Amino acid sequence: MGEIQVTDEWLYQYMPIVDEAILRELEKNTDRHYIFSHRFESRMKRLIRRRRHTFSRRAALLVPFTMGGIAAAALSVQAYRVQFFETCRRIWEDSALYSYFNVDAPGVEGFGKPGYVPAGFRLVSESANENIAIYIYEDGKGVGLSLSQQLVLEGKSIVFDTEYDQCELLDIDGIHAEIYRYDDGSVCAYYERGDCIYTINAEELSDEDIKEIFRQW
Amino acid sequence: MRKEIYIDELGGENVPLTYMETDLDNAVLDILKNLPVKYRDIFLLKYSSRMENDEIARLCHIQEGTVRQRIARGKVLIQNAIKNLEEA
């Protein structure tokens, strides 16, 4: 007794044992048969599904498009550039398919960077070809924002999930934007104008900011 | 030479709580396990994972001086707790 001196050598001997003991206690307290709530399970499935379709690893945002739809948009088919189009929406249990038809002559919408982004956001990634442009933004706290503009092509389709918690229509200069909000605060917005479709995916964004982004784009 | 004994029966209901040969050893182990988290984490990183102070500072998003300070204060805490144990 009275002989223990807390030195580096003593700590190098004892701390690995402490490390092991802590891990074993954690493992002992793990309930391997825990059943998560249905809500938690569905949110995790939604997150996993979305992460399969992220555009950018840096962004790590919620992007509901299929890669097949994006690949179709990447085809440079001059003859299919149009101004107006019709959208057919097919809704399933956990997803919605938007398909585009009757696409007319080349329109007036050009590709261009959004004219408005919320204060504090800076562009961190940008990619574009003649059919799709994607802009990824981040604010100082790492909150992400993804904006994409896609030219509508005949027969093109995109897929959205339908596991949102709230849906609303926002009137922007006479055209309705679809706003989908999720329990975790994230939001997905969809807008059609001219010969393009516009989408916003954000970890958090107000209706006012969504309106201004679409309006000034 | 003191011998450490690990009783490895994961998944069983009766996993023993003791990890050392003597009661004193186990009491010392409990002192280390129950250090305040901000000291314990640094001690684990330094003395179990064998990280350098600058690595610990970067990992924990603190200054290197803070790492050294917490190590010094942690040692005092442990020494005082062992002293109380020995006097009890």
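**View 1. Chain B, four helices and zero strands.** Chain B of this predicted model has its elements in the order α-α-α-α, counted from the N terminus. Helices here are DSSP runs of H or I with at least four residues, strands are runs of E with at least two, and both are numbered from the N terminus. Of the 88 residues in chain B, 35% are buried; buried means under 20% relative accessible area, exposed means over 50%, and partly exposed is what lies in between (1.4 Å probe, protein chains only). The chain exposes about 5,600 Å², with carbon and sulfur atoms supplying 48% of that; the areas come from the Shrake-Rupley method with a 1.4 Å probe, and for residues only the protein chains shown count as cover. Take the contacts in chain B between residues at least 6 apart in sequence, and 44% of them join residues at least 24 apart, a contact being heavy atoms within 4.5 Å.

Some housekeeping for every view: residues are numbered from 1 along each chain as its sequence is written, while chains are lettered from A and ligands numbered from 1 in the order in which they are written. Because this is a predicted model, local features need pLDDT of at least 70 and side-chain atom pairs count only at pLDDT 80 or more, whereas totals for chains, interfaces and linings use all residues, and side-chain values use heavy atoms, with hydrogens and water left out.

**View 2. Confidence along chain B.** The average pLDDT (the predictor's confidence in each residue, from 0 to 100) is 79 for chain B, and 76% of the residues score at least 70. Among its elements, α1(B) has the lowest mean, 86, and helix α2 (residues 37–48) has the highest, 95. Residues 1–18 of chain B are another matter: pLDDT stays under 50 there, and the model gives that stretch 23 contacts beyond four places in sequence. For the model, the scores are ipTM 0.77 and pTM 0.46.

**View 3. Helix α3 of chain B and its buried face.** In helix α3(B), residues 53–60, the buried residues are Asn53(B), Ile56(B) and Ala57(B). Looking down the helix axis, these fall within an arc of 100°, so they line one face; the arc is taken over the directions from the helix axis to the C-beta atoms. Their cover includes α2 and α4 of chain B. Flip to the face turned away from the buried side and you find the exposed residues Arg58(B) and Leu59(B). His61(B) follows the helix, with a positive phi near 55°.

**View 4. Helix α4 of chain B, packed against both chains.** α4(B) has 24 residues and spans 35 Å from its first C-alpha to its last, close to the expected 34 Å; that expectation is 1.5 Å times one less than the number of residues. Val67(B), Ile71(B), Gly74(B), Ile78(B), Ile82(B) and Glu86(B) are its buried residues. They pack against α1, α2 and α3 of chain B, along with α1 of chain A.

**View 5. A salt bridge between chains A and B.** Glu25(A) and Lys33(B) form a salt bridge, with their closest N and O atoms 2.4 Å apart. Glu25(A) sits in helix α1 of chain A (residues 8–28) and Lys33(B) in helix α1 of chain B (residues 23–33), so the pair joins two chains. Glu25(A) is partly exposed at 30% relative accessibility, while Lys33(B) is buried at 9%. A salt bridge here is a side-chain nitrogen of Lys or Arg within 4 Å of a carboxyl oxygen of Asp or Glu; over all chains, the structure holds 13.

**View 6. Two salt bridges within chain A.** Asp207(A) and Arg181(A) meet at 2.8 Å, N to O. Asp207(A) belongs to helix α4 (residues 207–215) and Arg181(A) to strand β8 (residues 175–181), 26 residues apart, and both are buried. Salt bridges with shared partners also join Glu25(A), Asp30(B) and Lys33(B) into one network. Arg89(A) pairs with Glu192(A), the closest N and O atoms being 3.5 Å apart. Strand β1 (residues 86–91) holds Arg89(A) and strand β9 (residues 187–193) holds Glu192(A), so this bridge ties together parts 103 residues apart in sequence. Arg89(A) is partly exposed, at 37% relative accessibility.

**View 7. Around Arg215(A) in helix α4 of chain A.** Arg215(A) is partly exposed, with a relative accessible area of 35%. Neighbours within four places in sequence aside, Arg215(A) is in contact with Ile172(A), Asp173(A) and Arg193(A). Ile172(A) is 43 residues away in sequence, yet the C-alpha atoms of Arg215(A) and Ile172(A) are 6.6 Å apart.
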